[in-house]
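Open the structure in your viewer and show the backbone as a cartoon. The tour below says what to select and what is there.

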Amino acid sequence: MSLPWHIPLESLPTLKEKKGPLETTQLKHYCNLNIHENPCEELQTGLMCEIGMNNREPGVIQRLIASGMTVARLNLRDLEPDSCAHLIQSIRQAVYNYSAELEYVYPLALIVDVRGPDIVTGDLKGGPKTMVELLQQETIRLTTDPSWRECGTADCLYVGYDHLTDLQPSDILFIDSLTSGKIKLVILAVGDDSIECEIAIGGTIGAKMPVRLSKVPRENDSGYKKGHENIESASCDSSQQPFEYMEDQIAWAVASDIDGVLIPNSQNAQDIRHVRSILSERGKHMLVFACIDSVIGLDNIDELLTEADGIFIDRCILSTDLPVEKIFIAQKIIVSKCNNAGKPCICKTVINEQIPTLCVTDIANLVLDGVDVLSLELHYDSPLKKLSPSYDVVRMAEHCVAAAAVICRQAERILWQPKIYGNLELMQSPLEEPTKAICVSAVELATRSRSAVIICLTNSGRTAKLLSHAKPVCPIVAVTRTCHTARQLRFWRGVRAMHYFESAKSTWNLEMEARIHAALDYCKAKRILRAGDAYVVVTSLRRGVGYCDSAQTGLLFLDIQSVRHLQLKQIVKVTLFGISP
């Protein structure tokens with residue numbers, strides 16, 4: 001049997017045929033696309049689905065995972081701790097069953113919505129099932145007088161908001177409508193305990209309808225407990241009442257090993273700092289995502305990006321505070337700033353059972369813009385269920401996730417890689433720290449060697465995040481022993497996390513070799529690597545130094561006689577001290 005170093009270089013298998021040279025302009029790139037080409041084999045964009053009472057069974061969750069779900073989202077606001085615990089148990093069981101089928105650990109990230117008490121209207125005069133129609137161009141009075149709490153009419157409604165009279169004329173309020181759209185109110189005058197409003201857009205309301213303020217700064221203490229206790233002493237099952245305050249939800253999330261939290265209506269950096277203070281030492285590893293729900297948050301996007309770990313966009317909510325014709329501009333601004341900062345961007349999108357062209361185009365454009373994770377809104381109350389008893393809404397939701405995954409793969413295939421590889425600004429900026437310098441060098445090495453994958457060994461996930469920021473043309477496989485790191489890397493586009501849990505080796509060289517071989521086996525199983533493909537490895541030369549200091553490239557070689565994959569190492573090695581053969 002011939003070993004790799006016994007084989008002459010001229011007899012080594014050549015790299016697989018690649019596409020022609022990269023086009024110099026995006027216009028030429030799109031002109032030369034081939035519509036008959038197959039999509040990318042490996043999905044790089046994450047897919048987020050909400051897990052609730054409609055799809056809480058482990059078998060249903062496992063089918064969603066098999067269809068492409070990488071992030072599970074939970075809404076704690078209206079659930080009791082017991083119900084939340086059952087949801088978490090179902091998700092963990094589904095991940096365990098799916099991992100057993102794959103024969104490796106599948107990292108599924110978990111993220112929760114945390115929010116304080118909603119501003120709602122009071123009851124109506126006719127009872128809890130009464131409906132009142134608010135007509136356009138009419139006037140209505142909103143009051144904080146408790147005597148109107150249970151006898152609201154079309155002329156006067158109670159609103160449970162202590163700062164209602166602090167609003168100014170011309171401020172805008174939105175009330176959820178039982179019909180399509182939202183009711184829009186414009187303040188005309190402000191009194192001692194009430195405000196007079198004009199109904200700009202009418203609709204139908206019932207009892208306890210949510211109210212949303214537009215372009216009004218939120219009070220810093222809104223939605224928080226007065227004198228809240230430290231999260232270290234909080235318990236996730238101390239009460240069986242639905243979660244009301246944000247502290248209770250965050251305490252439960254930390255105790256349940258959740259990977260990230262969504263902070264609704266984030267308006268400035270102070271909102272993020274307050275949540276981090278609640279997380280304290282025990283929850284400092286959790287990711288904090290700022291939700292841009294208002295123009296104020298959009299105007300402060302730079303300071304939010306500095307404090308938060310990522311951004312979440314719900315364009316439907318943002319459209320209540322921003323003209324609809326400007327939503328796409330806001331989307332471009334937020335996604336571009338996230339890509340420039342190297343932080344993940346999550347955008348909510350809708351896909352229904354028919355998958356119309358509009359949904360396909362929207363999902364594809366989000367991928368082309370650079371969104372890291374798509375939050376899919378799946379409908380389990382389809383009207384087709386009433387018309388056809390055999391209609392399976394769960395199966396249709398599974399098909400929608402699978403269709404979204406195919407759309408993302410098609411969009412990823414036609415991404416235009418500029419002639420200057422990766423993130424141009426990052427390549428030209430001074431690199432103060434060794435980890436960033438090595439990661440940029442690894443991306444350059446992968447581009448020049450036409451590598452099929454970049455393999456990085458990481459503990460905190462920071463190396464993989466820096467590699468993703470540099471925008472390589474190939475996927476990144478991050479090998480880590482930390483389970484929450486493997487799950488959290490699901491939020492970064494192009495990063496495939498691998499949870500390595502084999503017993504530790506006696507020396508770091510043996511440990512590094514074992515992890516690299518495990519990563520190669522994973523890449524071969526996922527068909528990321530084939531015989532003759534080059535790959536780049538980013539790692540540290542010492543154990544526990546806390547940063548990477550070495551990048552090397554290798555070639556996956558197939559020995560015909562033994563039909564085994566062997567690793568040809570150290571073709572090129574980049575370290576902090578230069579390049580060596």
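The model is predicted. Start with the side chains where two helices meet: select P58, I61, Q62, I65 and A66 in helix 2, which touch S90, I91, Q93, A94, V95, N97, Y98 and E101 in helix 3. Sorted by class, this contact between helix 2 and helix 3 has eight nonpolar, four polar and one charged residues.

Next, select both helices in full: helix 2 is residues 58-67 and helix 3 is residues 81-102. Two packed helices are described by the angle between their axes and the distance between the axes. For helix 2 and helix 3, the axes are 8 Å apart and the angle is about 55°. Helix 2 and helix 3 are therefore oblique to each other. Turn the view until one helix lies in front of the other; the crossing of helix 2 and helix 3 is right-handed.

Now move to a second pair. Select residues 434-448, which form helix 14, and residues 462-469, which form helix 15. Their axes come within 9 Å and cross at roughly 50°. That angle makes helix 14 oblique to helix 15. What is the handedness of the crossing of helix 14 and helix 15? The crossing of this pair is right-handed.

Last, show the side chains of this second contact. From helix 14, select T435, K436, C439, A442 and V443; from helix 15, select R462, T463, L466 and L467, which they meet. By class, the contact of helix 14 with helix 15 has five nonpolar, two polar and two charged residues.

Note on methods. Residues are numbered from 1 along each chain as its sequence is written. This is a predicted model: local features need pLDDT of at least 70, side-chain atom pairs count only at pLDDT 80 or more; totals for chains, interfaces and linings use all residues. Side-chain values use heavy atoms; hydrogens and water are left out. Axes are lines fitted to C-alpha atoms, for helices over the stretch in contact, and angles run from 0 to 180 degrees between N-to-C directions. Helices (H or I, at least four residues) and strands (E, at least two) are DSSP runs, numbered from the N terminus. Angles under 35 degrees count as roughly parallel, over 145 as roughly antiparallel, 65 to 115 as roughly perpendicular and the rest as oblique. A crossing is left-handed if the near helix is turned anticlockwise from the far one by less than a right angle, and right-handed if clockwise. Contact means heavy atoms within 4.5 Å. Ala, Val, Leu, Ile, Met, Phe, Trp, Tyr, Cys and Pro count as nonpolar, Asp, Glu, Lys and Arg as charged, and the others, Gly among them, as polar.
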